[in-house]
Amino acid sequence: MSDSYLISGGKPLKGEVVLSGAKNVALKTIIAALMFEGNVTLKNIPRINDVLDLIELIKSLGVKAKFIEKNTLLINSSNLNSNRVDLQYGSKIRVSFMLFGPLLNRFGECYVPNPGGCRIGARPIDRIIKGLVALGIKVDYDTETGYYHAKILSKPKGKYNFEKPSHTGTELLMMIGLMTDKQVVIENIANEPEINDLVLYLNSAGANITEEKNKIVITKSSKLKQKEAFTIMSDRNELVTYATLVVASGGDVTIGPIDENLIASFLEIMREAGAGVEEISNFKYRFYFRGLIKPVNIETSPHPGFMTDWQPSWAILMLKAEGESIIHERVFENRFSYVDELKKLGAKIDFVNITVENPEFFYHFNFEKERLYKQTIKIQGSEELHNAILDISDLRAGAALACAALLAEGESVVNGASILERGYEDFVEKVKKLGGEIKKV
Ligand code: EPU
């Protein structure tokens with residue numbers, strides 16, 4: 001099976017990109033659909049590998065799911081017949097642990113494999129498990145099998161305060177809250193707009209979820225039943241990937257549909273970097289090269305800050321900036337797998353040490369004093385990039401590598417296309433529409 005891209009780079013890219021639906025909403029709306037009665041229709045679901053794998057997983061539990069149009073998915077979970085997620089899906093589909101929600105709802109107890117580590121850090125779910133326990137769920141972990149066994153002792157109720165916010169954690173505890181016959185309050189939540197879209201979806205089907213500053217309150221809800229199809233929001237991570245690529249290439253692109261609130265911090269920093277940014281109409285933005293890219297330092301942080309998912313793309317833009325810039329990653333440990341690969345193209349990037357006060361609070365992962373972390377890079381921009389053979393090891397890094405190959409003179413091979421395609425729909429077609437030379441080999 002072909003799993004590489006052959007890319008001939010170095011040309012300014014021009015044209016239009018129509019955004020696909022957001023991966024990080026699609027996955028959760030599919031999982032939450034297993035808590036609904038009757039049919040659930042989801043629109044704008046991207047046909048990406050993560051979604052296709054998740055569909056296979058829910059089908060293995062007896063759920064019916066099929067695309068009835070290119071991006072319209074129909075789900076019916078009346079035949080959900082297993083409360084055990086097969087181990088083969090555990091590490092392949094990280095969000096499979098979110099099935100705690102629908103499986104507990106249907107069976108009162110369930111067996112879910114530990115999602116384990118992944119390429120962007122250890123990614124433990126300790127805070128999330130603590131949350132389940134705080135809401136009255138008994139959770140045991142079997143170190144031999146790698147399975148969690150969760151059981152509802154009484155209807156979930158009470159309050160949980162995340163010691164540090166978690167995006168999928170907020171979403172899972174919200175699903176658990178739907179089972180309450182009183183009230184569940186989750187505090188110090190993550191505020192990503194993707195979570196908001198999930199709230200809209202659940203409330204439109206009868207849930208009773210209110211969002212207040214830094215907290216979510218879930219009050220006894222009626223059984224979830226869809227009244228009309230739900231259309232998920234556009235993928236803002238995809239927007240950032242194409243906007244930075246095109247501006248770095250010296251080109252011009254119109255991208256939409258997207259709501260400004262979803263990308264405000266990105267627009268601000270693009271303007272700071274000297275990129276042309278214009279709101280065209282109907283949720284469309286134009287990004288273009290204005291003759292010079294200025295170096296701008298960034299620090300990642302949860303919404304409304306500069307998203308961690310955007311930093312590999314920012315590095316690509318900064319490769320073309322006139323001078324030195326710094327990227328400091330605060331959310332995940334180990335999100336710079338692209339650095340050594342970019343060096344193969346001639347990029348000048350080094351890890352640097354920056355001392356921060358109170359690293360336990362500053363970083364969003366569980367900071368360990370004795371460990372050596374590599375959280376900061378310095379990029380020397382404006383170097384010419386040449387062709388190379390590159391290997392993708394995680395999704396966002398993968399997109400950055402393919403984009404870097406599109407900026408580099410000559411023919412490059414980028415291995416690991418299926419990892420990039422876990423999160424990007426029609427990547428080859430979209431790049432070609434911009435005039436990029438890319439094909440799967
Ligand atoms: N963390 C813990 N313990 C927990 C939960 C989180 O240590 O119990 C740590 C994580 O390891 C991380 C930090 O806390 O260092 C923040 O993690 P969070 O739980 O917020 O991230 P996530 O829910 O695992 C989601 C997205 C990510 C996105 C982040 C930040 C999905 C499926 N994933 O991850 O998306 O970067 O939120 O917004 O929604 C991607 O799309 O490529 C991607 C990685």
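The following paragraphs describe the ligand site, the strand pairing and the unusual backbone geometry of a predicted model.

The ligand is surrounded by 26 residues, and D126, S166, H167, T168 and V331 are the closest of these. By residue class, the shell around the ligand consists of ten charged, nine nonpolar and seven polar residues. Three polar contacts to oxygen atoms of the ligand can be described. In the side chain of K28, an N or O atom is 2.8 Å from a ligand oxygen. The backbone contributes at H167, where an N or O atom lies 2.8 Å from an oxygen atom of the ligand, and at I128, where a polar backbone atom is 3.3 Å from a ligand oxygen. On its own the ligand has 840 Å² of accessible area, of which the protein covers 94%. Two or more residues of the shell come from each of helix 1 (23-32), helix 5 (126-134), helix 6 (167-177) and helix 13 (395-407).

Helix 13 also takes part in the packing against a sheet. This open sheet is built from four strands with mixed pairing, in the order 21-22-1-23. Strand 21 (389-391) and strand 23 (437-440) form its edges, each pairing on one side only. Direction ignored, neighbouring strands of the sheet are turned against each other by 20 degrees on average. Strand 1 (residues 4-9) is joined to strand 23 by four bridges in the antiparallel sense, and Y5 has K440 of strand 23 as its bridge partner. Helix 13 lies across strand 1, strand 21, strand 22 (410-415) and strand 23. The helix runs at about 35 degrees to strand 1.

A further set of pairings involves strand 16 (residues 285-288). Strand 14 (residues 252-256) runs antiparallel to strand 16, and four bridges join the two. Within strand 16, F287 is the residue opposite V253. Strand 15 (residues 276-279) is likewise antiparallel to strand 16 and joined to it by four bridges, with E278 standing opposite R286 of strand 16. Strands 15 and 16 form a hairpin in which five residues lie between the two strands. In the turn of this hairpin, N282 has a positive phi of about 40 degrees.

Several loops contain backbone geometry of note. Most peptide bonds are trans, and most residues other than glycine have a negative phi. Against this background, the peptide bond from G256 to P257 is cis, and its omega is near -5 degrees. P257 belongs to the loop between strand 14 and helix 9 (260-272). G256 itself falls within strand 14, which spans residues 252-256. H303 and P304 are also joined by a cis peptide bond, in this case with omega of about 10 degrees. The loop that holds P304 lies between strand 17 (298-299) and helix 10 (311-318). A positive phi occurs at N214, a residue other than glycine, with a value near 65 degrees. N214 is located in the loop between strand 11 (209-212) and strand 12 (215-219).

Technical notes: Residues are numbered from 1 along each chain as its sequence is written. This is a predicted model: local features need pLDDT of at least 70, side-chain atom pairs count only at pLDDT 80 or more; totals for chains, interfaces and linings use all residues. Side-chain values use heavy atoms; hydrogens and water are left out. A residue is near a molecule or strand if one of its heavy atoms lies within 4 Å of it. A polar contact is a pair of N or O atoms within 3.5 Å; within protein, one must be able to donate a hydrogen and the other to accept it, and residues adjacent in sequence count only if both atoms are side-chain atoms. Accessible areas come from the Shrake-Rupley method with a 1.4 Å probe; for residues, only the protein chains shown count as cover. Ala, Val, Leu, Ile, Met, Phe, Trp, Tyr, Cys and Pro count as nonpolar, Asp, Glu, Lys and Arg as charged, and the others, Gly among them, as polar. Two strands pair if DSSP finds at least two bridges between them. Axes are lines fitted to C-alpha atoms, for helices over the stretch in contact, and angles run from 0 to 180 degrees between N-to-C directions. Contact means heavy atoms within 4.5 Å.
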